[in-house]
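Trainee: I would like to go through a structure with you. May I put some short questions as we look at it?
Mentor: Certainly; let us bring it up.

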Amino acid sequence: MSEIATTAPALEPDVHTVRIESTNHDGSFHGKNVAPKKFAASAESGFAVADLLFGLDLGNAPTMGFAYPSWRGHLADLQFRPDMSTLVQWEPGLQSVIGDYWQADGTPIGICPRNLARKLVDRLATRGFTATIAVEIEATVFQESVHEARAKGYRDLTPLGGSAGTAYNLAKSKDWVDYMSAVVRRLEQIGIEWEAWSDEDAAGQVELNLIPGDPISVCDNWARARQVMREVAFELGHTVTFMAKPTAGYGQASHVNLSLQRDGANVFYAPDGPSDMMRHAVAGLLATMRGAASVMLPQITSFRRLVDLSGPPTTVTWGIANKSTAVRAVVGHPAYSRLEYRVPGADANLYLAVATILAGVIAGIDGELEPADPVSDLAWCVPDLERLPETITKAADALEADLILREQLGDEFVDYWVGTRRWEWMQFHTAGGDSFSELSEWESKRYFEFP
């Protein structure tokens, strides 16, 4: 696995705290606040973090009922190793750094999202490729503060900016514009470049586009951008959620755009349409899509988003410039030819989603797989098309049986992830979830703030 930058640069002279940052498997933003002296003393050796980081569910209960890896089960300390290339000034007096998790003997934790993404990036590099990705962050902002939202059980909240839900609507109230203006200013202050933001389909919903880049940097920026959106919402007396479907209306996604380069050239480009390499990549993505759905749609609510004719893909399909399919191919341009993977919900952990996407791409290229014909019509409501899994357990079963993803992502990750998804299903059915409601109170309380 590629090395991370471990040499600690000098901290700013006015820094009183260094925050170490990561995501757990569910995509929650985690870390510690460390005194500068402690940070300087432990930056190279690492910081001890209890293995409960990867052992608790979103309700703060330990996940059980499946085999733990060797490092789980005894509250052992994992080692957080900061990647010093990510050190930024978060605000006056506070710097922050992102890192990965390792065992004490130097073995990487196989379910650490950033480790897994780097492993697949490295695997791609051994084949002579680099990847460029971009992510579309969708979120819904509500007028109430997070304290008011908690008091209401995250139900019946007021969308910020009014009830209009048509996309690209510029006739929004100033509070909505002020919120997003504050978000992008904060992003610029910590060095995260953005391309665009706009009104999305649902009332109060926004889409934020970060600039394309290498997979790990984009994932790091994604994690921090969502934290910025939360902090700005708190400061302005509002609240924001990344639930896949926070109301009974439209859901929200986290589409991933991907291109591959070799010797500086975009290998997905061909003058007359998809290149051979693009077709192989598409075939690998389709071959792994049902198993990958478990990662792309990680929570109970994730699957409520998959409604025909409402925007998200519901079938294992691809098409050229066809946004009703799960993979949209953009062709005909040397720089912009790419694949848009449209399955992930806004609640997906981007590190894990990218690792899983790259796993499918690598398998397709290695095997020179060929995809089925592209869908040129709407890919919804077609009985002959294979559908994505409709539930968290069906997706987990598909991942468990997917030999390609098991080989690429590793047994440790697949087995542990599948166990946690079945645990989530059991918690839903034993702790108050309602399969027959459009959105149960249990889901709102569990997923609104996390991930």
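Mentor: The conversation below concerns a predicted model.

Trainee: Let us begin with the interior. How many residues are in the largest nonpolar core, and which have the most contacts inside it?
Mentor: That core has 123 residues, and Tyr 179 and Leu 260 are those with the most contacts inside it.

Trainee: Which helix gives the largest share of this core?
Mentor: Helix H8, residues 350–366, supplies the largest share, 12 residues.

Trainee: What does Leu 260 touch, leaving out residues up to four places away in sequence?
Mentor: Its contacts include Leu 124, Phe 129, Ala 131, Val 267 and Phe 268. Val 361 and Ile 365 are also among them.

Trainee: Where else do Val 361 and Ile 365 make contacts?
Mentor: Both belong to the H8 side of the contact with H6, together with Ile 357, Gly 360 and Gly 364. From H6, the contact is made by Met 277, His 280, Ala 281, Gly 284 and Leu 285.

Trainee: At what angle do H6 and H8 pack?
Mentor: The angle is about 120 degrees, and the axes are 7 Å apart. H6 is therefore oblique to H8. The crossing of H6 past H8 is right-handed.

Trainee: Turning to charged pairs, how many salt bridges are there?
Mentor: The count comes to 30 salt bridges. One of them pairs Arg 279 with Glu 370, with the closest N and O atoms 3.0 Å apart.

Trainee: Where in the chain do Arg 279 and Glu 370 sit?
Mentor: Arg 279 is in helix H6, residues 276–287, whereas Glu 370 is in the loop between H8 and helix H9. The pair links distant parts of the chain, 91 residues apart.

Trainee: Why does Arg 279 count as partly exposed?
Mentor: Its relative accessibility is 24%, and partly exposed covers values between 20% and 50%. Glu 370 is also partly exposed, at 46% relative accessibility.

Trainee: Which residues form salt bridges with Arg 406?
Mentor: Asp 411 meets Arg 406 at 3.1 Å, N to O. Asp 415 bridges to Arg 406 as well, with the closest N and O atoms 2.9 Å apart.

Trainee: Is Arg 406 buried or exposed?
Mentor: Arg 406 counts as buried, with 16% relative accessibility. Its partners are partly exposed: Asp 411 at 44% and Asp 415 at 40%.

Trainee: Which residues are linked in a network of salt bridges?
Mentor: Arg 19, Glu 21, Arg 186, Arg 224, Glu 231 and Glu 235 are linked in one.

Trainee: What surrounds Arg 186?
Mentor: Arg 186 lies in helix H4, residues 174–189, and is buried, with a relative accessible area of 12%. Apart from neighbours within four places in sequence, Arg 186 is in contact with Trp 90, Val 228, Glu 231, Val 232 and Glu 235. Glu 231 and Glu 235 thus appear both in the network and among these contacts.

Trainee: Now the backbone. Which residues does a cis peptide bond join?
Mentor: The bond joins Phe 450 and Pro 451, with omega about 5 degrees. Pro 451 is in the segment after helix H12, residues 441–447.

Trainee: Why would one remark on a cis bond or a positive phi?
Mentor: Most residues other than glycine have a negative phi, and most peptide bonds are trans.

Trainee: What is the phi of Asn 60?
Mentor: Asn 60 has a positive phi of about 70 degrees. This residue is in the loop between strands E3 and E4 and counts as exposed, at 59% relative accessibility.

Trainee: And what about Cys 381?
Mentor: Cys 381 has a positive phi of about 60 degrees. Cys 381 is in the loop between H8 and H9 and is partly exposed, with a relative accessible area of 46%.

Definitions and conventions. Residues numbered from 1 in each chain as written. Predicted model: local features only at pLDDT ≥ 70, side-chain atom pairs only at ≥ 80, totals over all residues. Heavy atoms only, no water. Core = buried A, V, L, I, M, F, W, Y, C linked by side-chain atoms within 4.5 Å. Buried < 20%, exposed > 50% of the residue type's maximum accessible area, 1.4 Å probe, protein only. Helix = DSSP H or I, 4+ residues; strand = E, 2+ residues; numbered from the N terminus. Contact = heavy atoms within 4.5 Å. Salt bridge = Lys/Arg side-chain N within 4 Å of Asp/Glu carboxyl O. Axes fitted to C-alpha atoms, helices over the stretch in contact; angles between N-to-C directions. Parallel < 35°, antiparallel > 145°, perpendicular 65-115°, else oblique. Left-handed = near helix turned anticlockwise from the far one by under 90°.
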